[in-house]
Amino acid sequence: MTFPPEVVEQIAQHMNGDHAADNVLIVRGLGGVDAATAARMSGMDADGMDFEATVDGIAVPVRIPFAERLTERRQVRGEAVRMYQQACAALGIEPQH
């Protein structure tokens with residue numbers, strides 16, 4: 001499935017606007033970019049979410065795969081929550097939501 005560009009943009013705006021700190025945890029915990037000081041969602045398809053992490057002032061692309069291929073937009077929220085929770089577990093911190 002290909003998500004229309006406007007859907008990806010809406011999801012990115014939400015992730016970057018409301019969950020900027022979660023994005024950082026996701027790229028640190030699941031993307032292996034321990035030194036990330038910021039991260040923004042830069043794209044998405046049915047198989048994963050793309051981020052641009054900031055490390056020492058340099059933009060680093062990071063791809064986080066979904067647990068399974070998504071077939072509907074409504075599945076994105078569940079995957080984002082799963083990624084956040086798994087990232088927190090990997091980092092040894094308590095999820096805040």
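Me: Which residue in β2 is the bridge partner of Ala39, and what is the general idea behind such a pairing?

Reply: The strands of a sheet are held in register by backbone hydrogen bonds, and their pairing can be either parallel or antiparallel. The model here is a predicted one, and in it Ala39 has Ala53 of β2 as its bridge partner, while Ala38 stands opposite Thr54 of that strand. Taken over their whole length, strand β1 (residues 38-45) and strand β2 (residues 48-55) pair in the antiparallel sense over seven bridges.

Me: Where does Thr54 lead if I follow the pairing onward into β3, and how many bridges join β2 to β3?

Reply: Thr54 stands opposite Ala59 in β3, and Asp50 of the neighbouring pairing has Arg63 in β3 as its bridge partner. Strand β3 covers residues 58-65 and runs antiparallel to β2, with eight bridges joining the two.

Me: How many residues lie between the strands of each hairpin, and what is the sign of phi at Asp56?

Reply: β1 and β2 form a hairpin with two residues between them, and β2 and β3 likewise form a hairpin with two residues between them. Asp56 lies in the loop between β2 and β3, and its phi is near 50°, a positive value in a residue other than glycine. With a relative accessible area of 73%, Asp56 counts as exposed, because that value is over 50%.

Me: What is the order of the strands in the sheet, and which of them are the edge strands?

Reply: The three strands form an open sheet in the order β1-β2-β3, with antiparallel pairing. The edge strands are β1 and β3, each of which pairs on one side only, and the twist averages 25° from one strand to the next. Helix α1 packs on this sheet, where it touches β1 and β2, and its direction makes about 160° with that of β1. Helix α3, for its part, lies across β1, β2 and β3 and runs at about 110° to β3.

Me: Is Met41 buried or exposed, and which residues does Met41 touch?

Reply: Met41 is found in strand β1, and it is buried because its relative accessible area is 1%, whereas the cut-off for burial is under 20%. Leaving out residues up to four places away in sequence, Met41 touches Val8, Ile11, Ala12, Met15, Asn16, Asn23, Met49, Asp50 and Phe51. As a distance to check in the coordinates, the C-alpha atoms of Met41 and Ala87 are separated by 15 Å, the two residues being 46 residues apart along the chain.

Me: Asn23 is among those contacts, so where does Asn23 lie, and how should I read a helix of this kind?

Reply: An α-helix has 3.6 residues a turn, so residues three or four places apart point the same way. Asn23 lies in helix α2, which covers residues 20-29, and it counts as buried because its relative accessibility is 0%. The residues that Asn23 touches, with those up to four places away in sequence not counted, are Met15, Asn16, Ala39, Arg40, Met41 and Phe51. Asn23 is one of the buried residues of α2, the others being Asp22, Val24, Leu25, Ile26 and Val27; these buried residues pack against α1, β1, β2, β3 and α3.

Me: What is the volume of the largest pocket, and which residues are closest to its centre?

Reply: Rolling a probe the size of a water molecule over the atoms shows where empty space is left. The largest pocket has a volume of about 320 Å³, and of the 15 residues that line it, the closest to its centre are His14, Met15, His19, Arg77 and Ala80. The elements that give two or more residues to this lining are α1 (5-18), α2 and α3 (75-91), and α3 gives the most, with five residues.

Me: How do the residues of that lining divide into nonpolar, polar and charged?

Reply: The lining of the largest pocket is made up of eight nonpolar, four polar and three charged residues.

Note on methods
Residues are numbered from 1 along each chain as its sequence is written. This is a predicted model: local features need pLDDT of at least 70, side-chain atom pairs count only at pLDDT 80 or more; totals for chains, interfaces and linings use all residues. Side-chain values use heavy atoms; hydrogens and water are left out. Helices (H or I, at least four residues) and strands (E, at least two) are DSSP runs, numbered from the N terminus. Buried means under 20% relative accessible area, exposed over 50%, partly exposed in between (1.4 Å probe, protein chains only). Contact means heavy atoms within 4.5 Å. Two strands pair if DSSP finds at least two bridges between them. On a 1 Å grid over the protein atoms alone, a cavity is a set of points where a 1.4 Å probe fits but cannot get out, and a pocket is an open set with protein on both sides within 12 Å along at least five of seven lines; lining residues have an atom within 4 Å of a point. Grid points are joined across faces, edges and corners, and a volume is the space filled by probe spheres set on the points. Ala, Val, Leu, Ile, Met, Phe, Trp, Tyr, Cys and Pro count as nonpolar, Asp, Glu, Lys and Arg as charged, and the others, Gly among them, as polar. Axes are lines fitted to C-alpha atoms, for helices over the stretch in contact, and angles run from 0 to 180 degrees between N-to-C directions.
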